[in-house]
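Colleague: I am new to this structure. Please take one part and walk me through it closely.

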Amino acid sequence: MDLMPDISFPFWVEAILTLGIAIVAYVSGKMKEKSNRAIKLKKHDEINWEVHSQIHEFLTELRVKTHAGRAQIVQFHNGEYFIDGISMYKLSTTHESLKNGLSSNEKKLLLVTMFSALMDKLETNQPQLYKTSEEKPSYFKNTLDLGSVDYFMTLPLFYGGAKSGFIMMEWCGETDSEYAVNNEGVIKIEMLHTRNIVQTKLSQQIKDLK
């Protein structure tokens, strides 16, 4: 005698049960995915102040050693899109060290295309001292003139093999400019050394968020 008789359900009941289980599994998966995404976003919103403090210290040390008026780190980021779907790459100053008495010459939320003259110089990936008065008329030259920049030097920053921004030094005034001209070789070495340190610090910050 079978004490556990077979229990059979109509087809439509079984279909509803199967659908219900699938929906519960789907909703549960989505909730878990949303929770993980929220945790990840929260983690990315956290700023590693220690890293940024160290970067600013290295930047200030470079500025003082080279008698520069300004030392900046500018990073690229993606803004919105043009109507044809092309990304509107922008740049923003994220770190800046200034000599006493000089005003900030920060570059904030500006289109990269406005600095095409500067982008060309980054292609060489070599530090070189440039004289502002010898630059061709451009938006970039105008920003240098407004900041009373006589000479400047720049190097690209890289992340994952692609340019992620640049480090830039600016000399203002006759005394500091004369120092830059007479000590270009030493400044180049200091510039390369600091660029490599800053690049490593910025990359480490991104790795820590993963």
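Colleague: Let us start with Phe76. Is Phe76 buried, partly exposed or exposed? Please go on from there to the parts around its partner.

Modeller: Phe76 counts as partly exposed, because its relative accessibility is 23% and the buried class ends under 20%. Keep in mind that this is a predicted model. Phe76 has an aromatic partner. The whole structure holds five aromatic pairs. In one of them, Phe76 and Phe166 sit 6.1 Å apart, centre to centre. Their planes make an angle of 55 degrees, and the pair is tilted. Phe76 belongs to strand β1 (residues 70-81) and Phe166 to strand β6, so the pair ties together parts that lie 90 residues apart in sequence. Phe166 is buried, because its relative accessible area is 0%. Phe76, at 23%, is partly exposed.

Now follow strand β6. It spans residues 162-171. Strand β6 runs antiparallel to β5, and nine bridges join the two. One position to look at is Leu157, which stands opposite Gly165 in β6. The two strands form a hairpin with two residues between them. In that hairpin, Gly160 takes a positive phi near 65 degrees.

Strand β5 covers residues 151-159. It is mostly covered, with seven of its nine residues buried. β5 also pairs with β4. That pairing is antiparallel and has two bridges. Here Lys131 has Tyr151 of β5 as its bridge partner. Strand β4 (residues 130-131) has the highest mean pLDDT among the elements of the protein, 97. At the other end of that ranking is helix α1 (residues 11-45), with a mean of 59. Over residues 1-7 the pLDDT is below 50, and this stretch has zero contacts beyond near neighbours in sequence. Residues 38-45 also stay under 50. For them the model has four contacts beyond four places in sequence.

Back to Leu157. Val198 touches Leu157, and also Ile55 and Ile73, leaving aside residues up to four places away in sequence. Val198 is found in helix α6 (residues 184-209). It counts as buried, because its relative accessibility is 1%. Phe58 is 140 residues from Val198 in sequence, yet their C-alpha atoms are 7.7 Å apart in space.

Helix α5 (residues 174-182) is worth a look too. Its buried residues are Asp176, Ser177 and Ala180. They lie on the same side of α5, because they cover an arc of only 100 degrees around the axis. Glu174, Thr175 and Asn182 are exposed on the other side.

There is also an aromatic cluster to find. Its members are Phe115, Tyr130, Tyr139, Phe140 and Phe152.

Last, the whole protein. It has six helices and six strands. Along the sequence they follow the pattern α-α-β-β-β-α-β-α-β-β-α-α. Of the 210 residues, 35% are buried. Among contacts between residues at least 6 apart in sequence, 59% join residues at least 24 apart. The accessible surface comes to about 13,500 Å², and carbon and sulfur atoms account for 59% of that surface. The pLDDT averages 80 over the protein, and 69% of the residues score at least 70.

Conventions:
Residues numbered from 1 in each chain as written. Predicted model: local features only at pLDDT ≥ 70, side-chain atom pairs only at ≥ 80, totals over all residues. Heavy atoms only, no water. Helix = DSSP H or I, 4+ residues; strand = E, 2+ residues; numbered from the N terminus. Buried < 20%, exposed > 50% of the residue type's maximum accessible area, 1.4 Å probe, protein only. Contact = heavy atoms within 4.5 Å. pLDDT = per-residue confidence, 0-100. Areas by Shrake-Rupley, 256 points an atom, 1.4 Å probe, with all protein chains shown as cover. Arc of directions from axis to C-beta. Pairing = 2+ DSSP bridges. Phe/Tyr/Trp six-rings, centres within 6.5 Å; stacked < 30°, edge-to-face > 60°.
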